[in-house]
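Q: Please take a close look at a single helix in this model and describe how it is packed. I would like the partners, the angles and the residues in contact, followed by the charged pairs.

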Amino acid sequence: MKKITIAIDGYSSCGKSTMAKDLAREVGYVYVDTGAMYRSVTLYALRKGWFDANGNINTAELQAHMEDIHISFQFNAETGRPDTYLNGQLVEKEIRSMEVSAHVSPIAALPFVREALVAQQQRMGKEKGIVMDGRDIGTVVFPDAELKIFVTASAEVRAQRRFDELKAKGMPADYNDILKNVEQRDYIDSHREVSPLRKADDAIELDNSHMTIAEQKAWLTEQFNQAVTKA
């Protein structure tokens with residue numbers, strides 16, 4: 001069967017990663033969480049102290065050290081999903097913190113950061129057989145992807161999902177803070193000058209506000225089967 005490229009874009013905390021990971025595992029494709037890549041750069045900058053008290057970034061320092069930031073993914077047999085590594089260190093839990101969430105959108109809006117990570121993402125998907133999720137996969141990274149999905153859900157639903165996820169991991173969480181963060185990220189991601197979040201013209205939209213994970217999985221599998229048949 002011919003392998004294809006699958007691009008899944010959408011708003012933060014709308015379940016893109018869960019859908020993409022499950023599909024990749026089911027069909028034997030490589031999964032790449034591009035959001036984890038931007039979060040890893042953010043974590044690196046936070047650890048280096050490159051944010052001031054107002055959240056402004058020392059872009060000169062970050063740009064000078066981009067070549068020192070190495071992001072990789074390693075399959076976790078226990079979870080059945082890939083974990084994110086920053087310069088060889090497992091950071092899967094750290095990059096999901098609210099501190100990183102509060103700083104990632106400004107990092108992702110920097111042209112030199114996007115240029116570096118998009119180039120890496122395109123190399124990862126050169127051989128096809130890949131499921132990649134993010135904000136600009138179908139519009140910038142893989143504009144010729146055979147299957148493009150754009151996922152959305154209400155801000156309130158996404159905030160609740162994020163709240164439940166953090167609590168399940170034993171991490172501190174406040175629903176109102178999370179909702180504010182979700183709305184701020186929506187605005188920044190949609191209005192940035194470089195690669196703003198938008199639905200590709202040929203993407204299939206999915207509003208999963210009131211869908212179960214099982215329902216989403218069934219829907220995505222159907223889309224995949226149709227796309228492979230056409231390829």
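A: What follows is an account of helix α8 and its packing partners, with some notes on salt bridges and one loop residue.

The model is a predicted one. Helix α8 covers residues 175-191, and one of its partners is helix α4, residues 98-108. Two packed helices are described by the angle between their axes and the distance between the axes. For α4 and α8 the angle is about 20° and the axes lie 9 Å apart. Angles under 35 degrees count as roughly parallel, so α4 and α8 are roughly parallel to each other. Their crossing is left-handed.

On the α4 side, the residues that meet α8 are M98, S101, A102, V104 and S105. On the α8 side they are D177, I178, N181, R185, I188 and D189. Sorted by class, this contact has five nonpolar, three polar and three charged residues. An α-helix has 3.6 residues a turn, so residues three or four places apart point the same way.

Helix α4 also has a set of buried residues: V100, S101, H103, V104, S105, I107 and A108. These buried residues pack against α8 and α7, and also against α2 (34-48), α3 (59-64) and α5 (111-124).

The next partner of α8 is helix α7, residues 155-168. Here the packing angle is about 125°, with the axes 9 Å apart. That value makes α7 oblique to α8. The crossing of α7 with α8 is right-handed.

From α7, the contact takes in A155, E156, R158, A159, Q160, R162, F163 and L166. From α8, it takes in Y175, I178, L179, V182, E183 and D186. The residues of this contact divide into eight nonpolar, one polar and five charged. I178 belongs to the α8 side of the contact with α7, and I178 is also listed for α8 in the contact with α4.

A loop residue also touches α8. S12 is located in the loop between β1 (5-10) and α1 (16-27). With a relative accessible area of 2%, S12 is buried. Apart from neighbours within four places in sequence, S12 is in contact with R135, R158, V182, R185 and D186. Of these, R158 in α7 and V182 and D186 in α8 take part in the contact between α7 and α8, while R185 is on the α8 side of the contact with α4.

Now the charged pairs. The structure holds 14 salt bridges. One of them joins R192 to D189, at 3.4 Å from N to O. Both R192 and D189 are buried. D189 is also one of the α8 residues that meet α4.

Another salt bridge links the side chains of E165 and K169, at 3.3 Å from N to O. E165 is partly exposed, with a relative accessible area of 33%. K169 is partly exposed too, at 39%.

E92 and R96 form a further salt bridge, with the closest N and O atoms 2.8 Å apart. Buried means under 20% relative accessible area. E92, at 16% relative accessibility, therefore counts as buried, and R96, at 11%, counts as buried as well.

Key. Residues numbered from 1 in each chain as written. Predicted model: local features only at pLDDT ≥ 70, side-chain atom pairs only at ≥ 80, totals over all residues. Heavy atoms only, no water. Axes fitted to C-alpha atoms, helices over the stretch in contact; angles between N-to-C directions. Helix = DSSP H or I, 4+ residues; strand = E, 2+ residues; numbered from the N terminus. Parallel < 35°, antiparallel > 145°, perpendicular 65-115°, else oblique. Left-handed = near helix turned anticlockwise from the far one by under 90°. Contact = heavy atoms within 4.5 Å. Nonpolar A, V, L, I, M, F, W, Y, C, P; charged D, E, K, R; others polar. Buried < 20%, exposed > 50% of the residue type's maximum accessible area, 1.4 Å probe, protein only. Salt bridge = Lys/Arg side-chain N within 4 Å of Asp/Glu carboxyl O.
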